[in-house]
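Please open the structure in your viewer and keep the selection tool at hand. The tour moves from one selection to the next, saying at each stop what is there.

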Amino acid sequence: MRLVLIAAFLASAAPVAAFAHEAPATAPAAASKPVPKEELLKPPADAAHYVVVSEAGQHGNQWRWQLADGRTAYRWSQELRGWITEMDQVTTFAPDGTVAATTVRGVTMSGDAAEEYRVADGRATWKTATDSGEAPAGGWYIPAGGVGIANAALIDALAAAGDAGLDFLPSGKGRMTFGPTQVIQGPTGPKTVQLAFVSGILPSPYPVWLDENKRYFADISFISVIPAGYEGALKQLRDAQEKATAAAVAGVAKRFLTPAAKAPVLFDNVRLFDADKGEFLTARAVLAQDGKIAAIGPAGSLKAPAGAQRIDGSGKTLVPGIWDSHLHIGDDWDVLSNMANGITSFRSPGTTFDRAVDATKRRADGTLLMGEPFISVIVDKKDPLAAQGSEVVSSAEEAIAAVRRVKDAGLWGVKFYTSMNPAWIAPAAAEAHRLGLHVHGHVPAGMKPSEAVAAGYDELTHLNFVVMESMPREVIDKANTRMRMEGPARFFKDVDLDAPPMKGFVADLAKKQTIVDPTIVIFEGLFTQDGGKPHPAYAPYMGIISPVIERSVFTAGGYPLIEGLTRDDYRKSYAKMVDLVGRLHKAGVPIVAGTDGWGIELIRELEIYRQAGFTPAEAIRSATIVPARIVGADKRTGSIAVGKEADMVLVDGDPSTDLGALRRVVTVVSDGYVMDADELRTAAGYSGRPK
């Protein structure tokens, strides 16, 4: 979760708003449409220039400069795998260095949404697309969107504030602590930069790099913002940052992964979900010992050995450890948060080699509290639209070599992406299968999903790439751009699922047992949400994670409307996608539940499966025994059975009638370690239980 939270703050992709052409000093009325790119401010040649980069290359640019009237202007121009960000921002600083006014205009993938902030007559007021408010002046406003580097002023102020910290608006207080320094090389020679951590904005401390004067230098994350000319220092800074973060979080692992935590545990008088049979059993007892399930019997029938912990399961349900089948490894705070939500195993379909090897090693030696990962590496063609964090290749031979590197690293699978040359898929997939690797991914532009399956895909990732079978050729040919969202949004509502090509394609997927990872919760957010109200996936977490994220993400609007369409049109296409998930399941296509998010969306994914016609048991199986079977781990985990590993989650309530009970995690057992979920949530930065 944490990398997404950082991105939402320092490199925000939140909606931004329109204002008058020359950025006037007083707040204008919000326009109905974003200001077009051509009318945004243009940075002068001497503007401070930052680049937005990942291992795959450069994705965008940000600039900062002074206007003639003394205000500070910012500009952001970016295309990330087809998603466009074009915005500018103008900020007026008061004599004491605080923000007196700021206005943002432009567009991101979330469309047009106003964000304006003003201080006048001792009052601070703000307005975005989803909220507005006012408070006595004096706090530092935390924006919901805007240009990433515009937050540098806040970083500078926190660095200067020391232990006193800063009060925030709309709420909260932040402080900065300082970490180690690094000497990096850049266009003017060596430069000393310092790592710092900011607390009070997001659930856990987030890292930022400062220059030798303790002023903002760079934000290093999955996608990084760094001064132009310093791109070569990206890996050095990331390695140092991950090492410092690991050291900070290591104490959490020591606190939970203790010999006492691995003592025997008896859950008595509990409702038990048998994932193998898909049945809920009442009044059961389960004993775990030495990291394994030792015995299962009727309530009251098992005797706890000496030194065992006994947990009363009255009113609660014991389910297997939950799997998120599409959860990218973030940093060490992210994986701690996942564990707090009962995710004891997950598939990470796109992790860099260094992070994959390091995280797996530290989990094995007990210094990282993380669920068991099954990791794929993204392989994409070298292209401006290549996936961030991918292994980029320029030929079929290079694609095959990348597949071999995945195998040599001891990882589980290879994930092909949308800019791949379709002709390279078959030879690369054949090599992956020869090496025993799983093959999945996005479908390359120009290729139908049926052709990807024929070329060797074991699994289709994201439901829109299943939908792509029914899309017009102009959509298929541009599936590495926004068309992979806009095509389904526009056309799928009118597709007949009982006619070619979809009826036959569903039957073929079932016959071949091709797996589908729908991540349909993504499309609920993109296609159905107007903004201003919490997304159903996030409503239970309002008030316990971060007010910044509540404003910038949890209540954000959906995908911008295409000209000629309404939100209701989008909702009809989404409803057809829910119908498709039900038809895939009914036909016998293996479905695995994943989020491509923070993990907290997973239970909403299961609730949507229920809407699609799954029984509660079938929905839970998609997040337990089914993914365990797919990765080949079902003989040792994925269900609660004698002899299997003790991976279990105790939840408050009855998920056989209310899948939302799976959010109310009480106890997590992972590899036999028994952990209190409230304590895990506190360690991860949550302020309470999900509703």
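What follows is a walk through a pair of helices and then a pocket, in a model that is predicted.

Begin by selecting residues 396-408, which form helix α6, together with residues 422-434, which form helix α7; the axes of these two helices come within 9 Å and cross at roughly 25 degrees. Because angles under 35 degrees count as roughly parallel, α6 and α7 are roughly parallel to each other. If you look at how the pair is arranged, α6 passes α7 in a right-handed crossing.

Next, show the side chains where the two helices touch: on α6 select Ala396, Ala399, Ile400, Val403 and Arg404, and on α7 select Trp424, Pro427, Ala428, Glu431 and Ala432, since these residues make the contact. Colouring this contact by residue class gives eight nonpolar residues and two charged ones, with no polar residue among them.

Now leave the helix pair and turn to the second largest pocket, which has a volume of about 640 Å³. Which residues lie nearest its centre? Select Glu55, Arg238, Glu242, Thr352 and Arg355 to find them, and bear in mind that the whole lining of this pocket consists of 35 residues.

To see where the lining comes from, select α1 (2-10), β1 (48-54), α3 (234-256) and α5 (353-364), each of which supplies at least two residues. Of the contributors to this lining, α3 gives the most, with nine residues. As a last step, colour the lining of the second largest pocket by class, and you will find 14 charged, 11 nonpolar and 10 polar residues.

Conventions:
Residues numbered from 1 in each chain as written. Predicted model: local features only at pLDDT ≥ 70, side-chain atom pairs only at ≥ 80, totals over all residues. Heavy atoms only, no water. Axes fitted to C-alpha atoms, helices over the stretch in contact; angles between N-to-C directions. Helix = DSSP H or I, 4+ residues; strand = E, 2+ residues; numbered from the N terminus. Parallel < 35°, antiparallel > 145°, perpendicular 65-115°, else oblique. Left-handed = near helix turned anticlockwise from the far one by under 90°. Contact = heavy atoms within 4.5 Å. Nonpolar A, V, L, I, M, F, W, Y, C, P; charged D, E, K, R; others polar. 1 Å grid on protein atoms, 1.4 Å probe; cavity = no way out; pocket = protein on both sides within 12 Å on 5 of 7 lines; lining within 4 Å. Points joined across faces, edges and corners; volume = space filled by probe spheres on them.
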